[in-house]
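Please look at the sequence and the model together, and keep both in view while you read. The paragraphs below take the sheet, then the helices, and finally the ligand.

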Amino acid sequence: MIRTLFQIFKTGIVTENVLGRDADNIEVLGSKLSKIIKKRFRGSLTIRQIDAGSCNGCELEIHALNNSIYNIEQYGVRFTASPRFADLLLVTGPVTLNMEIALKRTYEATPTPKLVVAVGDCGCGQGIFDENYATIGAIDKVIPVDARIKGCPPTPAALLNGILQAIS
Ligand code: SF4
């Protein structure tokens, strides 16, 4: 235990600064997010991410939120593998026919406040994969949606902004 603590102390902070046009934006969004999470969610917002039929472009940006640059955990946001522990569902689309029931069941298994954020143009019903023989389309055709994040794919800053809108 002492060795682990010593290692943590020796390593220090390993996150890197966000560079480019998103830098100031991320700091402001992160600070707002952190305040609301402390007030409304006792310092910890838990997210279950669901791929309801995306091309994985949106997922790459969502994964970036967890890397050493964006490090979303510093604001009190964590991802979980189970909807039973989730405060918020982050759903990418379009919803495929094969994912419709799974998405409904995941929503039913999520406890209150059951917040849902539709991610990407496809999830919002305006993407290149709209309704077709294999997809239903927008997330809100299957479950209620509290906030929408447009973009193909949306940037990490846009994702933070959408999460902020949903919990505000
Ligand atoms: S919005 Fe763009 S990146 Fe996201 S699933 Fe649709 S096509 Fe892929």
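In which sense do strand β1 and strand β3 pair, and over how many bridges? Keep in mind that this is a predicted model, and start with strand β1, which covers residues 45–51, and strand β3, which covers residues 88–92: the two pair in the parallel sense, and five bridges join them. One of the places where this can be followed is Ile 47, whose bridge partner in β3 is Leu 88. As general background, the strands of a sheet pair through backbone hydrogen bonds, and the pairing is either parallel or antiparallel.

These two strands belong to a wider arrangement, an open sheet of five strands whose order is β2-β1-β3-β5-β7 and whose pairing is parallel. At the edges stand β2 (77–79) and β7 (147–149), and because each has a single partner strand, one side of each is left without a neighbour in the sheet. From one strand to the next, the twist averages 25°.

Helices pack on this sheet, and α4, made of residues 100–109, is one of them: α4 touches β1, β3 and β5 (115–119), and its direction makes about 165° with that of β3. Helix α6, residues 156–167, also packs on the sheet, where it touches β1, β3, β5 and β7, and the direction of α6 makes about 175° with that of β7.

Which residues of α4 are buried? They are Leu 103, Thr 106, Tyr 107 and Ala 109, and since the buried residues fall within an arc of 165° when α4 is seen down its axis, they line one face of the helix. The face turned away from this buried side carries the exposed residues Ile 101, Arg 105 and Glu 108, whereas the buried residues of α4 pack against β1, β3, β4 (95–96) and β5.

Two residues help to show what surrounds β1 and the loop that leads on to α3. Thr 46 is found in strand β1 and is buried, with a relative accessible area of 15%; leaving aside residues up to four places away in sequence, Thr 46 touches Arg 78, Thr 80, Phe 85, Ala 86, Asp 87 and Leu 88. Ala 52, in the loop between β1 and α3, is buried as well, with a relative accessible area of 0%. With residues up to four places away in sequence again left out, Ala 52 touches Val 91, Thr 92, Pro 94, Val 95, Thr 96, Met 99 and Leu 103. Phe 85 lies 33 residues from Ala 52 along the chain, and the C-alpha atoms of these two residues are separated by 19 Å.

Beyond that loop, α3 has buried residues of its own, namely Gly 57, Cys 58, Glu 59, Ile 62 and Ala 64, and the buried residues of α3 pack against β1, β2, β3, β5, α5 and α6.

Helix α3 also leads to the ligand, because α3 (57–64) and α5 (120–123) each supply at least two residues of the shell around the ligand. How many residues surround the ligand, and which are the closest? There are 13, and the closest are Cys 55, Cys 58, Asp 121, Cys 122 and Cys 152. The largest share of the shell, three residues, comes from α5, and the residues of the shell divide into seven nonpolar, five polar and one charged.

Conventions
Residues numbered from 1 in each chain as written. Predicted model: local features only at pLDDT ≥ 70, side-chain atom pairs only at ≥ 80, totals over all residues. Heavy atoms only, no water. Near = heavy atom within 4 Å. Helix = DSSP H or I, 4+ residues; strand = E, 2+ residues; numbered from the N terminus. Nonpolar A, V, L, I, M, F, W, Y, C, P; charged D, E, K, R; others polar. Pairing = 2+ DSSP bridges. Axes fitted to C-alpha atoms, helices over the stretch in contact; angles between N-to-C directions. Contact = heavy atoms within 4.5 Å. Buried < 20%, exposed > 50% of the residue type's maximum accessible area, 1.4 Å probe, protein only. Arc of directions from axis to C-beta.
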